[in-house]
Amino acid sequence: MEIKTSPFWWEFKDWETRPRSAPEIPEKLDAAIIGAGFSGLNTALVLARAGLKVAVFEAGAFGEGASSRNGGMVGPSFHKLGVLGLRQQFGEAVANEILRESVGFVDHIESFLASENIDADFKRRGRFLGARSPAAYNQYARMLETLKSSCGVSGHMVPKAEQGAETGSSLYHGGVVFDRDGGLNPAKYLAGLAKRVIDAGAAILPFSPVSEINRTRFGFSLSCNGKTIQVAKVAICTNGYTGAQFGALRRRVLPLRSAIIATEELPETLMERLMPRQRMYGDSRRMVAYYRPSPDGKRILFGSRATSLKEQPSANAHALRRMMLEVFPDLSATKITHVWSGLVAYSFDHSPHIGQINGLYYAMGYCGSGVSRASYFGQKLGHKMLDQHQEGRTAFDALPFPTRPLYTGNPWFMPAIIRWHSLLDSFKL
Ligand SMILES: Cc1cc2nc3c(=O)[nH]c(=O)nc-3n(C[C@H](O)[C@H](O)[C@H](O)COP(=O)(O)OP(=O)(O)OC[C@H]3O[C@@H](n4cnc5c(N)ncnc54)[C@H](O)[C@@H]3O)c2cc1C
């Protein structure tokens with residue numbers, strides 16, 4: 001069977017009606033948003049509804065970026081540093097505020113989808129994280145306790161003897177469940193969001209790469225497809241796709257490729273055994289493995305970091321299938337129907353960032369967890385651009401956006417780090 005290299009998510013009727021060609025680009029705008037993912041479209045929605053003349057510039061086809069390609073797993077995306085690391089890096093007060101705000105991300109996306117009447121197959125089924133060693137289980141237990149006491153996260157530990165109720169995998173030494181996490185179809189969400197943005201009066205312009213931005217007396221001038229557009233305010237929402245023309249931001253993010261495979265439809269009894277509660281799943285490995293059932297519960301989608309920044313579908317399919325079989329050996333005869341990938345953006349302090357640099361607004365650096373964060377940050381960014389300080393405020397405002405000396409945006413060292421992580425994982429270290 002030939003493996004498709006487009007996302008499984010794109011196979012629904014309404015994807016065909018996504019914005020396909022650029023309407024005439026206006027010469028003057030109140031606001032230009034660069035990047036038509038969750039960040040950019042959420043920003044545009046807030047601005048358009050406030051009556052601004054807004055256009056969203058998208059370099060490629062609509063859905064080109066990570067927002068229609070991700071795992072669709074929705075959670076608070078607690079800081080990769082852990083609670084203690086957060087406190088050490090940013091101080092207790094900021095850290096606690098970040099944690100409390102993050103707990104609300106899933107509620108935010110759930111109520112946004114409901115209020116906008118966007119059907120994105122959102123389901124709140126919880127997330128199970130499997131511990132690959134007894135030490136990892138103890139670490140999860142400590143993490144859960146700290147999260148419960150600092151921000152009231154809802155979750156429970158699942159000892160190895162009881163994990164059959166959570167997973168059909170025998171790889172783990174128990175795990176932790178976060179009850180309030182959920183999953184959605186990201187392409188359905190993106191397409192529904194685009195409709196709301198267009199209904200609000202903004203233009204979405206696919207195949208409109210912004211190649212240059214210059215400051216002017218009244219704001220900025222943008223170059224796109226040989227045209228110059230005068231704009232009062234600009235938001236850069238390019239995350240893992242941030243190019244050299246946005247050098248100050250590119251120096252602050254590390255683009256990494258993440259890839260996913262989808263299996264063929266599986267027998268109901270097998271799905272019930274492997275994923276009895278239809279949760280979102282992950283585990284304690286450094287390489288980051290994330291997997292889940294498709295929204296109809298018939299397939300398994302399995303993702304991880306790709307070892308190369310380049311798009312390499314067959315190498316990704318091979319590596320992901322191997323990882324999936326380590327978790328679920330029962331799938332050895334199962335066919336892979338889809339493999340695809342996209343770019344995420346890590347930051348040097350493992351935290352997402354929002355703010356202004358050289359007069360340009362930005363939101364990015366979601367470190368691979370951007371479904372809820374980009375949606376939330378996008379709306380906050382819209383309020384910031386409207387000078388609505390209270391509505392636009394977030395605990396993340398307090399974080400400086402660091403770079404490193406000599407780093408210009410090419411993470412040439414990451415493939416070696418990823419291979420090192422993979423080696424440590426193989427020893428369960
Ligand atoms: C395979 C994969 C799996 C993932 N799984 C999850 C998950 O399960 N849960 C989760 O929370 N997060 C996940 N993520 C991360 C999440 O998808 C991203 O963090 C989020 O979509 C970022 O949204 P964004 O709008 O900031 O950026 P994007 O959606 O990446 O959009 C940026 C856009 O900017 C455009 N652009 C760049 N330069 C220009 C320019 N010069 N002019 C015009 N346009 C430009 C790009 O073409 C791109 O479309 C995953 C990501 C990937 C790739």
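These legends accompany several close-up views of a predicted model.

**Figure 1. The whole chain, with its helices and strands.** Let us start with the overall picture before moving in. The chain holds 12 helices and 18 strands. Along its principal axes, the C-alpha trace spans about 65 × 50 × 45 Å. The radius of gyration is 21 Å, which agrees with the value near 22 Å that a compact globule of 429 residues would have. Buried residues account for 48% of the 429 residues. If you like contact maps, here is a number to keep in mind: of the contacts between residues at least 6 apart in sequence, 75% join residues at least 24 apart.

**Figure 2. Where domain 1 meets domain 2.** Each domain is built from several stretches of the chain: domain 1 takes 10-70 + 188-254 + 348-409, and domain 2 takes 109-184 + 255-344 + 416-426. Their C-alpha centres are 28 Å apart. Across the boundary, 17 residues of domain 1 are in contact with 16 residues of domain 2. On the domain 1 side, α6 (186-199), β12 (253-263) and α10 (371-385) each supply at least two of the touching residues. Which of the elements gives the most to this side? That is α6, with five residues. Sorted by class, the side of domain 1 that touches domain 2 has seven nonpolar, seven polar and three charged residues.

**Figure 3. Helix α6 and what covers it.** This view stays with the helix that gives the most to the domain 1 side of the boundary. The 14 residues of α6 reach 20 Å from first C-alpha to last, close to the 20 Å expected at 1.5 Å a residue. Many of its residues may be worth labelling in your own viewer. The buried ones are Pro186, Ala187, Lys188, Tyr189, Leu190, Ala191, Leu193, Ala194 and Val197. Their cover includes α1 (38-49), β2 (54-57), β8 (203-205) and α10. Just after the helix, Gly201 takes a positive phi of about 105°.

**Figure 4. Val56 in the largest nonpolar core.** In soluble globular proteins, nonpolar side chains tend to be buried together. Here the largest nonpolar core has 120 residues, and Val56 and Ala235 touch the most other members. Domain 1 and domain 2 both give residues to this core, so it lies between them. Which residues does Val56 touch, not counting those up to four places away in sequence? The set is Ile33, Ala36, Gly40, Leu41, Ala44, Val197, Ala202, Ile204 and Leu205. Val197 also appears among the buried residues of α6.

**Figure 5. Tyr366 and Cys367 in the loop before α10.** Tyr366 sits in the loop between β18 (360-364) and α10, and Cys367 is found in that loop too. Is Tyr366 buried or exposed? Tyr366 is buried, because 27 other C-beta atoms lie within 10 Å. Leaving aside neighbours within four places in sequence, Tyr366 is in contact with Asn239, Val344, Ala345, Pro352, Arg373 and Ala374. Ser347 is 19 residues from Tyr366 in sequence, with a C-alpha to C-alpha distance of 7.7 Å. Cys367 is buried as well, with 20 other C-beta atoms within 10 Å; the cut-off for a buried residue is 20 or more. The backbone of Cys367 deserves a look in your Ramachandran plot. Most residues other than glycine have a negative phi, whereas phi of Cys367 is positive, near 55°.

**Figure 6. Asp387 in the loop after α10.** At the other end of α10, Asp387 lies in the loop leading to α11 (389-392). Phi of Asp387 is near 60°, a positive value in a residue other than glycine. Asp387 counts as exposed, because there are 8 C-beta neighbours inside 10 Å and the cut-off for exposed is 12 or fewer.

**Figure 7. Lys80 and its contacts.** Lys80 lies in the loop between β3 (73-74) and α2 (82-90). Not counting residues up to four places away in sequence, Lys80 touches His350 and Cys367. How many C-beta neighbours does Lys80 have inside 10 Å? There are 16, so Lys80 counts as partly exposed. For a distance across the model, try Lys80 to Ser294: these residues are 214 apart along the chain, and their C-alpha atoms are separated by 26 Å.

Terms used:
Residues are numbered from 1 along each chain as its sequence is written. This is a predicted model: local features need pLDDT of at least 70, side-chain atom pairs count only at pLDDT 80 or more; totals for chains, interfaces and linings use all residues. Domain bounds come from an automatic or database domain assignment. Two residues are in contact if their C-beta atoms, placed from the backbone, lie within 7 Å. Helices (H or I, at least four residues) and strands (E, at least two) are DSSP runs, numbered from the N terminus. Ala, Val, Leu, Ile, Met, Phe, Trp, Tyr, Cys and Pro count as nonpolar, Asp, Glu, Lys and Arg as charged, and the others, Gly among them, as polar. The radius of gyration is taken over C-alpha atoms; the globule rule is 2.2 Å times the number of residues to the power 0.38. The expected span of a helix is 1.5 Å times one less than its number of residues. A nonpolar core is a set of buried Ala, Val, Leu, Ile, Met, Phe, Trp, Tyr and Cys residues joined through C-beta atoms within 7 Å.
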